[in-house]
Amino acid sequence: MAAPKVAVVGAGVVGLSTALCIAETCPSCSVTVLSDQFSPNTTSDVAAGMLIPHTYAGTPIHVQKQWFKETFTYLFAISNSAEASEAGIHLVSGWQVFKNSPKEELPFWSDIVLGFRVMSKAELQKFPQHQFGHTFTTLKCDCPPYLLWLEKRLKATGVQIYTRKVTDLWELHSEYNVVVNCTGIGACQLVGDEKLFPVRGQVLKVHAPWVKNFIRDGDGLTYIYPGIREVTLGGTRERGNWSLAPDPGTTKDIFDRCCSLEPSLQGAQDIKVKVGLRPSRQHVRLQKEVLSQGGVKLPVVHNYGHGAGGFSVHRGTAKEAACLVGECIAALQDSSSGAKL
């Protein structure tokens, strides 16, 4: 068959990374990214981009650990390259503190981040309301520059990028051999996934260049994540809330909570409010499906539903999705060669 044509629908961090992995693992493919929204207007642009994994209840821990390890390894290499600043990736050290000791003293990802250990009593003096903590070094991704860096990499690899709103995956069957669905919360409408729901997140982006260390309260609801250009303060987790309008009361609550962890933030300047809808479900939907109409078949690979943990596992799930695309292409090539016999 001719060079297989693959369409990736969605241009957040998952869509762009998946397209890049497909282009890298299947150089004979023609890959196209289709989306009605690109940076700076994606959910990924709002994300804090810290590599501290979220746990998916419906996914085996060893799978989640592999996704995180692959993502950490990939971004760590970029952070050690001349492209680190352009890609918005840097190492950041800090503390995860708990008012009460957590059930698990060691999270599953503790041996992937750098220098993970339990905090000393002297270190805990910084947080008088907390009695236990971890300290470690991880990676922070400034999301808008990273998305632009991914777009640049895609174009350099020959991937086509078009602005297009796809309302039905089947509309692509006459143009593409395989379609990859990376539409995040858009999959609610696009494929009618009733297991997918929004978890509204409101964050503040502030100018506070003296804040060098991340601080994360145990449940991850309150956090201070310093980036290269600004500090992200969070946050909220409002399940089922579709509103993208900033809430002033929530802004004050986030700011007060973060100042209680880091009082120097009272002097923060240039406060911007951002809202995003995390595409959440019990587990990431990462699977093949074959759509069929009137005897015509369209192989689809789904890769969405990463919720609060998309940045922490995006490269790992993209690699797995690219493998599934490879399987779809191999099956198409087998059937086309069989048809010639």
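## Salt bridges in a predicted model

Lys140 and Asp142 form a salt bridge in which the closest N and O atoms lie 3.1 Å apart. Both partners are out of the open, since Lys140 is buried and Asp142 is buried as well. The model in which this pair is found is a predicted one, and the structure holds 20 salt bridges, three of which are set out below with the N to O distance of each.

| Salt bridge | N to O distance |
|---|---|
| Lys140 and Asp142 | 3.1 Å |
| Glu24 and Arg315 | 2.9 Å |
| Arg285 and Glu289 | 3.5 Å |

The side chains of Glu24 and Arg315 meet in a salt bridge at 2.9 Å, N to O. This pair links distant parts of the chain, for Glu24 belongs to helix α1 (residues 13–25) and Arg315 to helix α8 (residues 310–340), with the two positions 291 residues apart. How buried or exposed is each partner? Glu24 counts as partly exposed because its relative accessible area is 35%, whereas Arg315 counts as buried because its relative accessible area is 10%, and the cut-off for buried is under 20%.

In the salt bridge between the side chains of Arg285 and Glu289, the distance from N to O is 3.5 Å. Here Arg285 has a relative accessibility of 13% and therefore counts as buried, while Glu289, with a relative accessible area of 30%, is partly exposed. Elsewhere, salt bridges with shared partners join Glu24, Arg153 and Arg315 into one network.

Key:
Residues numbered from 1 in each chain as written. Predicted model: local features only at pLDDT ≥ 70, side-chain atom pairs only at ≥ 80, totals over all residues. Heavy atoms only, no water. Salt bridge = Lys/Arg side-chain N within 4 Å of Asp/Glu carboxyl O. Helix = DSSP H or I, 4+ residues; strand = E, 2+ residues; numbered from the N terminus. Buried < 20%, exposed > 50% of the residue type's maximum accessible area, 1.4 Å probe, protein only.
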